[in-house]
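Open the model in a viewer and keep the sequence panel beside it. The stops below say what to select and what is there.

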Amino acid sequence: MSDFVLLPQFLANGLVIGSGYVLVAVGLTLIFGILHIVNFAHGEFYMLGGFAAVLGSQILGLPALPALLVVAIVMALFGLLAERIVFRPISGKDPTNAIIASFGLSVLLQNLMLKTVGAEPMVAKSGFAPGAIQIGSVFITPERLAIIGATVVIVTALLLVLRFTWTGRALRALSENSTVALISGVNVRRVSLMTFVIGSVLAGVSGALMSTVFMVQPNSGTLIVMKAFIIVVVAGMGSIEGAIVAGLALGLIEALVAGYIGNQFRDIAGFLIVILVLAIRPQGLFGLKTERS
């Protein structure tokens, strides 16, 4: 009976974790689905967003929303530089080059942050009053509610942009066929840059939101990027809707595993899911939909 009573709490915890996964995975999906770049440094974008939030809230003393805007601006600039300096010079060449470059960028960013801020974990100030809010049998802090609410707003806005704006149509055209998109008048380089910037901002904002609940340190992105790739593979490469569903599902499954079996088994769950999905449906759960889109 007690286990059943705790179920809503576990689900609420999973929804918070899954929200963070969704933003990171959607950004990774955009970069891979449109630019065909396997970016193993995407977890470090998450980590940088977390530290940017710590800088904005603790050092600059900014409230929550302005701090989040600062993170978005910082990550947009960083994404622009990373695309221009690291990935654009090797675009259109052997895909292995991009993989190696992203690994190198990952190691570089981790070590730079280790030398700059040290290994001590940090947490961003949310500006909310301390304490938890009770909703039925669920206790949840304002920071966790903010993570869920911000994710809903950001993902909804992104889906609307992709579906109803010229920018969204250009992104979808480029993901289908870059040659046809170029012939149709799409500025491929500009759209590629925009895609990388959006993906970087999503990862950074996720890191900023989660840094109000979980500690951030230079290696924070290592496990996150593994979870993001799990979500992308399970969803189907390039499927944004699939990444949303799979991200939330992974967060919920991990919370249930941690609550009912043990926290030490939480991270194993995702890898078991990947093995199962690849064995039954190698293209991912939403793979066919992506191929027809």
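Leaving aside neighbours within four places in sequence, which residues is H42 in contact with? Select H42 and display heavy atoms within 4.5 Å, the cut-off for a contact: V24, G27, L28, I31, G199, A203 and V225 appear.

Some ground rules apply at every stop. This is a predicted model, in which local features need pLDDT of at least 70 and side-chain atom pairs count only at pLDDT 80 or more, while totals for chains, interfaces and linings use all residues. Residues are numbered from 1 along each chain as its sequence is written, and side-chain values use heavy atoms, with hydrogens and water left out.

Stay on H42, which is in helix α2 (residues 42–59); helices (H or I, at least four residues) and strands (E, at least two) are DSSP runs numbered from the N terminus. H42 counts as buried because its relative accessibility is 0%. Buried means under 20% relative accessible area, exposed over 50%, and partly exposed in between, with a 1.4 Å probe and protein chains only.

Next, select F45. Not counting residues up to four places away in sequence, F45 touches N39, M75, F78, L105, L109, F196, S200, A203 and G204. F45 and V26 touch the most other members of the largest nonpolar core, which has 77 residues. Such a core is a set of buried Ala, Val, Leu, Ile, Met, Phe, Trp, Tyr and Cys residues joined through side-chain atoms within 4.5 Å. Helix α1 (residues 2–35) gives the most to this core, with 14 residues.

Now select helix α8 (residues 188–210), where 19 of the 23 residues are buried. At 1.5 Å a residue, α8 should span 33 Å, and its end C-alpha atoms are 33 Å apart, which agrees. The expected span is 1.5 Å times one less than the number of residues.

Move to M122, in the loop between α4 (95–117) and β1 (133–135). M122 is partly exposed because its relative accessible area is 26%. Draw a C-alpha to C-alpha distance from M122 to F214: 8.6 Å, although the two are 92 residues apart in sequence. Beyond four places in sequence, M122 touches F51, V54, V117, F214, M215 and V216.

Finish at the surface with I275, in helix α11. I275 counts as exposed because its relative accessibility is 57%. Add L6, Y260, I261, F265, I268 and L272 to the selection: with I275, they make a nonpolar surface patch of about 680 Å². The largest share of that patch, three residues, comes from helix α11 (residues 266–280). Patches are made of residues with over 30% relative accessible area and no salt bridge; like charges are joined within 9 Å and nonpolar side chains (Val, Leu, Ile, Met, Phe, Trp, Tyr) within 5 Å. A salt bridge is a side-chain nitrogen of Lys or Arg within 4 Å of a carboxyl oxygen of Asp or Glu, and accessible areas come from the Shrake-Rupley method with a 1.4 Å probe, with only the protein chains shown counting as cover for residues.
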